[in-house]
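Welcome, and thanks for taking a look at this one with me. Here are some notes to read alongside the structure.

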Amino acid sequence: MLKKNLLSLLIANVFLLIFVPLSQAYIGLCCAHCGGNMPLNIPGGGIPETHEFRFKVSQMFMVMGPLRDGTRDLDNAAELLGPANGTTFAVTPEEMRTYMTMASVAYSFTDDFAMMAMMSYIRNEMDMQFNTPLQSSTGTRGFTMTSDGQSDLTVLGKYRLYKDDNLAPTKQASVLFGLSLPTGEIEKEFTNNPVNGQNGTILPFRMQTGSGTVDPIIGVTLQSSTDPWWYGANAQLEAHVYNNDQGYRRGSELRYDFYLMRQVHSRVVLLGELQGWYEGTFNREPYRGRILGEGHAGGTPSGGFLSPLFDPKNYGGHKLAVTLGLQFQPIPLHVVEMAATIPIYQDLNGPQLRDDYMLQFTYYVELPTKKSRRYTGFKAPKELGF
């Protein structure tokens, strides 16, 4: 009875926080330049006040699995493990865990133009299961394949095309443009594979930390607010238009987001997002696979793929996910965000691990310079949130 009463009390308080109008007018947790509130997981979404820096650090943890083909989950042992003949495979993935630490810096040169740069450090762990002959020869059910390193560097510009107010807009539209630069790696190799002769050969596509190509990025962001609600949409295309040094390229990626935020306290904002990704397949194998035979049975290009991970057609698809989270301002100029993402639809190309869930923690700080309105003593209207 006590638990039931406590649960009822909690639900009632959450309902009041979300739906009951409050007399206090909210101005957002960050500067008003991006509208005051913006999800922190949208690349290039929020930008700092003019002549100010914004530093952001984020830690992401993601779990993927089990295997899926199209919209159907697969039984690993019954449907995929067997001889490496193109239909079945000698080794298949069961679960993948990705740890990503992201850091970014942004600076606004004018009221309408900002630049930002983002870099990540990634660690991938993928549990692999052997077929019966390999289990017998190695004496183990499988192993955990690992890789880690820095990702590609992303440099973005954001230009504001429209705003209904220069300093504290409630409606604005912006374009994003930039490049992904190949600072990650595309020739990560096996180091702990218990199968003889496999260590030193190239890891599958998703275990690499970079694309190996300079990739153009273009996007558009729409932002609006009606106190205490903030909402908007974002679409971004990263194209891969030429082959890297291994002779292949990733499929182009289209990402889109719709977000809705509700400020429930002067220092607290709740957020919800509908996020979508569409990604194409890799165009072909790396040189070390299609010419040298790495990743193939017998070590020859004509042999079947040892794992579905080596087939360039088993990547990409269409995904939809829902993200729920909370932003908190512990002190002025600082914001913390915690968010959880759960997939609601996945239509994948070929057997590949589907998304399971993702957790993300983000912290950012705004740093005014001497040219900033906040630094030079410009007495900003209260609505700006300074």
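The numbered points below go through a few strands, a buried threonine, a surface patch and a loop residue.

1. A word before you start: this is a predicted model. Please keep that in mind for each point that follows.

2. A good place to begin is strand E12, which covers residues 317-328. On one side, strand E11 (residues 268-279) pairs with E12 in the antiparallel sense, over twelve bridges. E12 also pairs with E13 (334-368). That pairing, too, is antiparallel and runs over twelve bridges.

3. To follow the pairing residue by residue, try Lys319. This residue of E12 is the bridge partner of Trp277, and Lys319 also stands opposite Gln346 in E13. Finding these residues in the viewer should help you get your bearings.

4. How many residues lie between E12 and E13 in their hairpin? There are five, and one residue of the turn, Leu333, has a positive phi of about 80 degrees.

5. Next, have a look at Thr323, which also sits in strand E12. Is Thr323 buried or exposed? Thr323 counts as buried because its relative accessibility is 0%, and the cut-off for buried is under 20%.

6. The surroundings of Thr323 are worth a visit as well. Its side chain makes polar contacts with two other side chains: that of Gln275, at 2.5 Å, and that of Thr341, at 2.6 Å. Setting aside neighbours within four places in sequence, the residues in contact with Thr323 include Asn41, Leu271, Gly272, Glu273, Ala339 and Ala340.

7. Now turn to the surface. Phe258, Leu274, Val322, Leu324, Ile344 and Tyr345 form a nonpolar patch there, and together they have about 540 Å² of accessible area. Strands E12 and E13 are the elements that each give two or more residues to this patch.

8. Tyr345, one of the patch residues, lies in strand E13. Why is Tyr345 called partly exposed? Its relative accessible area is 35%, and partly exposed means between the 20% and 50% cut-offs.

9. Finally, please visit Ile47, in the loop between helix H1 (2-19) and strand E1 (52-70). Although Ile47 is in a loop, this residue is buried, with a relative accessible area of 5%. Where does Ala114 lie relative to Ile47? The two are 67 residues apart in sequence, and their C-alpha atoms are 6.8 Å apart in space.

Note on methods
Residues are numbered from 1 along each chain as its sequence is written. This is a predicted model: local features need pLDDT of at least 70, side-chain atom pairs count only at pLDDT 80 or more; totals for chains, interfaces and linings use all residues. Side-chain values use heavy atoms; hydrogens and water are left out. Patches are made of residues with over 30% relative accessible area and no salt bridge: like charges are joined within 9 Å, nonpolar side chains (Val, Leu, Ile, Met, Phe, Trp, Tyr) within 5 Å. Accessible areas come from the Shrake-Rupley method with a 1.4 Å probe; for residues, only the protein chains shown count as cover. A salt bridge is a side-chain nitrogen of Lys or Arg within 4 Å of a carboxyl oxygen of Asp or Glu. Helices (H or I, at least four residues) and strands (E, at least two) are DSSP runs, numbered from the N terminus. Buried means under 20% relative accessible area, exposed over 50%, partly exposed in between (1.4 Å probe, protein chains only). Two strands pair if DSSP finds at least two bridges between them. A polar contact is a pair of N or O atoms within 3.5 Å; within protein, one must be able to donate a hydrogen and the other to accept it, and residues adjacent in sequence count only if both atoms are side-chain atoms. Contact means heavy atoms within 4.5 Å.
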